[in-house]
6 protein chains.
Amino acid sequence: MTNQRKQVMFDELSSDEIAEAAKASTVVIFPFGSIEAHSTHLPLCTDSIQAEYIAVEVAKKTGSIVAPPVRFGICNATRNFPGTLTIQFNTLYALVHDLLSELVRSGFRRILIISGHAGNSHMVMLRLASQDIVSANEAKGVRVMVLSDFDFADELIPEYAAVGDGHAGTIETSRVMAIRPDLVKGKGKADVWRMPRFEVIAHPELCIPSAVHGDPTAATKEKGEKINRYIIEKVAELVEELKR
Amino acid sequence: MTNQRKQVMFDELSSDEIAEAAKASTVVIFPFGSIEAHSTHLPLCTDSIQAEYIAVEVAKKTGSIVAPPVRFGICNATRNFPGTLTIQFNTLYALVHDLLSELVRSGFRRILIISGHAGNSHMVMLRLASQDIVSANEAKGVRVMVLSDFDFADELIPEYAAVGDGHAGTIETSRVMAIRPDLVKGKGKADVWRMPRFEVIAHPELCIPSAVHGDPTAATKEKGEKINRYIIEKVAELVEELKR
Amino acid sequence: MTNQRKQVMFDELSSDEIAEAAKASTVVIFPFGSIEAHSTHLPLCTDSIQAEYIAVEVAKKTGSIVAPPVRFGICNATRNFPGTLTIQFNTLYALVHDLLSELVRSGFRRILIISGHAGNSHMVMLRLASQDIVSANEAKGVRVMVLSDFDFADELIPEYAAVGDGHAGTIETSRVMAIRPDLVKGKGKADVWRMPRFEVIAHPELCIPSAVHGDPTAATKEKGEKINRYIIEKVAELVEELKR
Amino acid sequence: MTNQRKQVMFDELSSDEIAEAAKASTVVIFPFGSIEAHSTHLPLCTDSIQAEYIAVEVAKKTGSIVAPPVRFGICNATRNFPGTLTIQFNTLYALVHDLLSELVRSGFRRILIISGHAGNSHMVMLRLASQDIVSANEAKGVRVMVLSDFDFADELIPEYAAVGDGHAGTIETSRVMAIRPDLVKGKGKADVWRMPRFEVIAHPELCIPSAVHGDPTAATKEKGEKINRYIIEKVAELVEELKR
Amino acid sequence: MTNQRKQVMFDELSSDEIAEAAKASTVVIFPFGSIEAHSTHLPLCTDSIQAEYIAVEVAKKTGSIVAPPVRFGICNATRNFPGTLTIQFNTLYALVHDLLSELVRSGFRRILIISGHAGNSHMVMLRLASQDIVSANEAKGVRVMVLSDFDFADELIPEYAAVGDGHAGTIETSRVMAIRPDLVKGKGKADVWRMPRFEVIAHPELCIPSAVHGDPTAATKEKGEKINRYIIEKVAELVEELKR
Amino acid sequence: MTNQRKQVMFDELSSDEIAEAAKASTVVIFPFGSIEAHSTHLPLCTDSIQAEYIAVEVAKKTGSIVAPPVRFGICNATRNFPGTLTIQFNTLYALVHDLLSELVRSGFRRILIISGHAGNSHMVMLRLASQDIVSANEAKGVRVMVLSDFDFADELIPEYAAVGDGHAGTIETSRVMAIRPDLVKGKGKADVWRMPRFEVIAHPELCIPSAVHGDPTAATKEKGEKINRYIIEKVAELVEELKR
């Protein structure tokens with residue numbers, strides 16, 4: 001069936017196409033992101049579009065479908081910048097829990113959550129909500145994976161970027177150049193966050209005035225394409241593992 | 001400034017562009033929708049894409065920006081269909097409350113919420129969250145409008161559709177034909193929902209097996225374009241009113 | 001059994017009488033209302049006493065019992081007037097959910113909620129709580145209807161009142177004159193609310209300084225009696241439908 | 001002003017009468033109760049009508065007004081009997097908190113809560129909600145008293161009833177005979193609850209099959225009248241203390 | 001098995017020792033306390049160490065184990081003193097509910113909660129959480145007792161202390177002298193709390209400036225030892241009752 | 001003042017000693033832990049006693065005081081083992097938020113949270129609660145650090161343990177041998193957890209049957225003492241930084 005389907009986006013299908021997809025044990029790839037400050041050269045949706053791009057490419061490759069992206073996440077470090085839209089941890093938990101419940105109700109049993117935003121609180125909430133769904137639906141054999149595309153992107157740091165490359169740095173800028181070059185404005189400037197190791201502070205933005213951690217000037221579209229291809233391959237392997 | 005901005009999408013801008021837009025008293029248009037069964041001829045995202053299309057067109061016309069769309073809503077009538085992704089009323093309230101708070105924190109004072117899904121519970125939650133934001137930020141002069149594009153579309157029923165036209169009917173199908181013709185599959189079939197007037201039931205889907213209320217076979221792209229144009233004009237007037 | 005019972009009020013019965021009533025498949029009529037400003041000529045309990053009156057009369061007529069009235073509701077438009085006692089939407093949901101659960105635990109399977117207050121948020125919360133009870137108790141065959149007596153009263157507007165008649169207007173004033181004439185002070189004054197169609201505002205009371213929408217001076221006790229009789233008949237039919 | 005007012009019931013007044021009463025520093029007496037099994041001879045509303053009767057009499061005597069009674073409370077011991085309508089502790093807290101907030105918003109500063117139900121969890125929730133209101137409104141000088149009419153009724157046990165007299169016993173039955181003789185069915189039977197001192201159990205009703213703790217056969221209307229008169233006097237003194 | 005176990009503290013055992021203890025139907029004694037002002041002569045942990053001492057002694061005597069003490073409770077009267085650490089009622093409920101659930105999941109079916117703090121709100125929350133656990137686990141035969149060691153200590157008031165002895169008074173001071181003499185500083189001073197009987201106030205500390213209710217100068221280590229011994233004996237009897 | 005104080009434990013002090021300590025700008029060290037399976041050779045309280053030991057030693061060294069330890073945490077990996085007592089993320093958040101609020105109310109402005117349990121969800125909740133306290137009390141200059149003693153212990157892995165050493169492994173076993181040798185039973189057995197990298201599973205215990213990750217047989221008391229000394233030194237430096 002998946003071969004004939006024209007769309008990979010869950011919500012571009014009709015209800016009966018979804019029922020059919022569920023019956024065919026289709027894997028659902030669920031992209032999450034954030035809307036947060038990414039310096040002056042990258043858009044607020046930087047995290048989101050990376051995960052969404054990967055999700056769509058992997059879905060095409062593996063006959064999966066892509067759940068409606070959730071661009072709202074928990075952003076602690078950038079929470080005081082204009083344009084960052086951070087939500088409370090309870091809100092994210094409830095949203096993820098509700099949506100996974102609905103996927104399960106619709107008949108899906110294999111879900112891969114991929115988050116372009118890799119903030120620690122954010123990832124924890126994705127995992128806690130998933131864990132509660134998996135435990136509550138044990139009898140139905142529901143399986144859920146939760147990852148960030150940066151789990152794989154970071155494996156390429158030695159090759160494509162300097163050690164410590166991160167937020168709005170070489171890799172992230174390269175990837176956006178490959179996905180949505182129209183959204184990249186200029187080349188950015190290399191910088192380093194100076195967040196305290198242990199202190200929890202009211203004004204993290206003072207430690208990261210440029211909202212860059214790494215060197216965006218070293219970014220190229222070619223790097224981005226290679227990194228994206230690598231991540232697509234790796235995530236596709238996970239989808240195949242979920243199918244088994 | 002708004003004339004030079006290339007993007008209208010909030011999250012395709014950078015943090016400093018957002019700061020600038022807020023300083024310029026830019027209106028934020030915030031599209032909401034749903035992911036719910038719309039018969040076999042329309043996609044699950046039917047509600048969402050209509051509001052998003054209107055939002056973008058009005059934003060272009062009025063120099064506004066479009067907040068990241070929220071496609072998750074409360075869907076009671078279609079909640080047992082495969083593919084419907086309904087969320088709990090508390091989740092929607094929290095999400096809207098969090099996001100409006102963040103817009104206000106970022107400096108925006110004029111927000112227009114437009115929802116392609118017009119379910120009663122859904123609209124009430126949008127309004128209650130907005131009301132709490134408006135009251136809590138009275139001193140800042142925050143103003144919020146909440147409407148459904150169907151508030152205007154329904155004004156055209158006598159002209160373009162039979163009385164009672166609704167979910168996945170003539171108007172809605174026409175509008176999707178005008179916006180995303182690639183997502184329309186066939187012509188659908190006319191039908192009527194037979195929901196009990198007062199009884200709250202566990203299986204509303206049995207009263208609306210086709211998930212159609214109206215006559216989609218009377219839909220045309222031309223009707224959809226005219227209806228959309230009308231709505232755009234009306235919503236643009238509201239934006240102008242908000243600017244004052 | 002119901003014929004011999006002297007009381008129709010649920011809470012004027014004893015525990016064993018309730019057990020017996022539940023066993024006899026008695027319908028429970030559950031009146032809701034509000035405590036909110038109704039101009040200078042009507043009391044704060046205006047909404048409540050109308051629904052309670054209807055509930056008692058229908059109960060007598062149909063052998064039903066009347067659950068302890070809930071006078072606390074969600075009042076948005078009048079929420080800044082002295083004397084309005086509005087509660088949060090979560091509080092109303094919890095209260096209704098708790099009470100319906102207890103009726104079901106006590107053995108009742110047929111419940112009709114009638115609300116004298118017809119505010120949109122209020123009605124939505126009554127319906128959402130009812131829906132969750134009905135779905136959770138599907139196996140027990142629990143049935144719940146939710147309506148406002150104004151659903152029927154409004155059908156008589158062409159006959160007894162001017163188009164648009166509403167809050168503290170002809171119909172409502174007439175009905176209170178018929179039910180509790182001692183609580184009506186003077187004749188009131190005709191007025192119209194000028195609430196914005198879409199804007200959610202911090203001070204709705206400024207749009208409705210008199211808290212009247214309609215013409216109370218056209219009210220008469222006779223009109224009230226006829227309207228009440230009509231509603232009683234209509235609600236009694238619903239109760240009979242519930243009994244089937 | 002209070003002398004001219006015909007009604008003592010808060011919600012039988014109009015919004016402007018309430019504003020006037022608040023301005024005149026009127027004390028609000030707020031009756032709470034329960035709906036719970038009281039053996040076969042007393043109605044479910046036994047607790048409620050006692051507090052409401054006292055509230056009205058004290059209000060008349062002291063020029064106070066009576067807030068709309070809340071008959072819903074937390075009933076642990078009788079929670080498994082048919083007809084008992086117990087609510088969750090969070091629901092009661094929220095309801096009391098919302099309603100006291102609204103009284104304060106309406107301008108009242110002196111509130112006396114009198115509960116006919118004296119269950120421990122119930123009283124604690126009344127007090128916790130009141131405490132939070134008092135602390136949050138310290139600057140406004142809000143004062144709240146919380147008591148049960150049984151705090152005074154029990155002072156008369158040596159005189160009118162045997163030691164240990166309680167639920168549906170001599171005093172309570174006598175009081176209902178004086179207040180609503182039409183709701184008393186027969187004389188009841190003396191019994192004793194045998195609740196475990198420390199164990200928290202799933203079926204307390206097995207320890208109190210008759211739902212009587214005391215001797216209702218010793219009840220008389222005359223005792224009831226004297227007890228009620230005593231309580232009225234005592235509560236009136238508290239109201240005077242609140243006025244100071 | 002219980003004879004060979006060296007430790008009585010639940011959390012000093014290993015996971016498999018716990019599994020074994022659960023299989024052997026071991027009773028879990030769960031000490032609760034508070035951290036609150038106890039005048040100048042007693043430490044903040046006064047309530048906690050009394051319950052913990054009793055718990056350990058009873059556990060040794062009866063072959064039970066002692067769950068990890070919870071020193072956090074609800075302290076209303078002393079809530080404005082420095083050093084008092086009071087938690088919200090919802091927090092205590094959630095904590096107790098979570099922990100009892102985990103004991104049940106680990107296989108335990110007999111639990112005795114003993115609280116050194118006997119504040120009314122505090123005890124109610126312990127009981128409500130326990131009640132919900134007992135009802136939800138009826139099929140598993142879970143039994144829970146909830147008491148304060150002061151339920152027994154107060155039985156000795158005529159013998160060891162003046163009537164009305166309470167917070168930081170003769171009995172409490174004596175008990176701490178017997179348990180942790182190193183934590184007693186000086187002899188304290190006799191005093192009486194003058195809390196209003198019914199009014200709920202923002203500043204209870206003004207009614208109890210010394211945080212003493214009773215006469216600590218009459219305290220002796222010998223009294224404390226005798227009282228503790230009495231309580232241990234009484235609680236041990238309850239444990240035996242739970243074993244049956 | 002801190003030199004004369006005999007106790008370092010917050011709750012072994014009296015209310016006035018706490019007031020004095022707060023006035024002297026004393027740092028509060030707040031130890032957190034867990035109660036979770038740590039194989040057969042270590043007790044359930046393993047995480048807790050390490051953090052508590054460090055806290056006390058650092059407090060002695062720096063004139064700080066130690067807040068009452070919280071041994072209840074979020075344990076995902078070991079949550080199905082007998083004896084693990086995991087609490088919900090909302091419960092931990094609420095508890096930490098309440099307790100930090102109370103420390104701030106008591107006058108403290110410098111708090112160091114040290115957690116012996118380093119689970120990701122657990123640390124995130126400690127940080128989120130702290131962040132909310134710090135932001136809400138910005139005007140008071142409240143500063144909070146959050147760390148795990150394993151943040152420092154892990155720095156010594158190359159020296160004292162094999163790469164990957166973790167739960168109940170060489171370092172943890174050595175540390176417990178140095179702190180509470182009486183709680184160590186035998187030498188344990190080397191093992192490796194085989195948790196899936198991304199999949200969120202219902203039965204993590206099947207991936208870690210021994211609840212060991214590392215080689216406990218390589219543990220020695222001497223290693224433990226050295227590691228503890230190193231951590232104490234490092235944490236003491238943080239306390240000094242907080243004092244500035």
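## How the chains meet, and two unusual alanines

Chain A and chain E stay apart: they do not touch, and their nearest C-alpha atoms are 14 Å from each other. Contact here means that the C-beta atoms of two residues, placed from the backbone, lie within 7 Å. Chain C and chain E do not touch either, again with 14 Å between their nearest C-alpha atoms.

A word on ground rules. This is a predicted model, where local features need pLDDT of at least 70 and side-chain atom pairs count only at pLDDT 80 or more, while totals for chains, interfaces and linings use all residues. Residues are numbered from 1 along each chain as its sequence is written, and chains are lettered from A and ligands numbered from 1 in the order in which they are written.

Now for a pair that does touch. On chain B, 39 residues are in contact with 38 residues of chain A. Two elements of chain B, α1 (15–23) and α3 (89–105), each give two or more residues to the side that touches chain A. Of the elements, α3(B) gives the most to that side, with seven residues. Helices here are DSSP runs of H or I with at least four residues, strands are runs of E with at least two, and both are numbered from the N terminus. Sorted by class, the side of chain B that touches chain A has 22 nonpolar, 10 polar and seven charged residues. In that count, Ala, Val, Leu, Ile, Met, Phe, Trp, Tyr, Cys and Pro are nonpolar, Asp, Glu, Lys and Arg are charged, and the others, Gly among them, are polar.

What rotation superposes chain B on chain A? A turn of 180° does it, with 0.0 Å of shift along the axis and an RMSD of 0.0 Å. The two copies are therefore related as by a two-fold rotation axis. The same surface serves both copies, as 97% of the contact residues of chain B recur in chain A. The fit is by least squares on C-alpha atoms of residues with pLDDT of at least 70 in both copies. Within chain B, B:Thr91 comes closest to the rotation axis, its C-alpha being at 3.2 Å.

Finally, the backbone. Most residues other than glycine have a negative phi. Here are two alanines with a positive one:

| Residue | Phi | Loop between |
|---|---|---|
| A:Ala211 | near 60° | β5 (199–200) and α8 (221–243) of chain A |
| D:Ala168 | about 60° | α6 (157–160) and α7 (170–179) of chain D |

Are they buried or exposed? A:Ala211 counts as buried because it has 24 C-beta neighbours inside 10 Å. D:Ala168 is buried too, with 31 other C-beta atoms within 10 Å. The cut-off for buried is 20 or more other C-beta atoms within 10 Å of a residue's own; exposed means 12 or fewer, and partly exposed lies in between.
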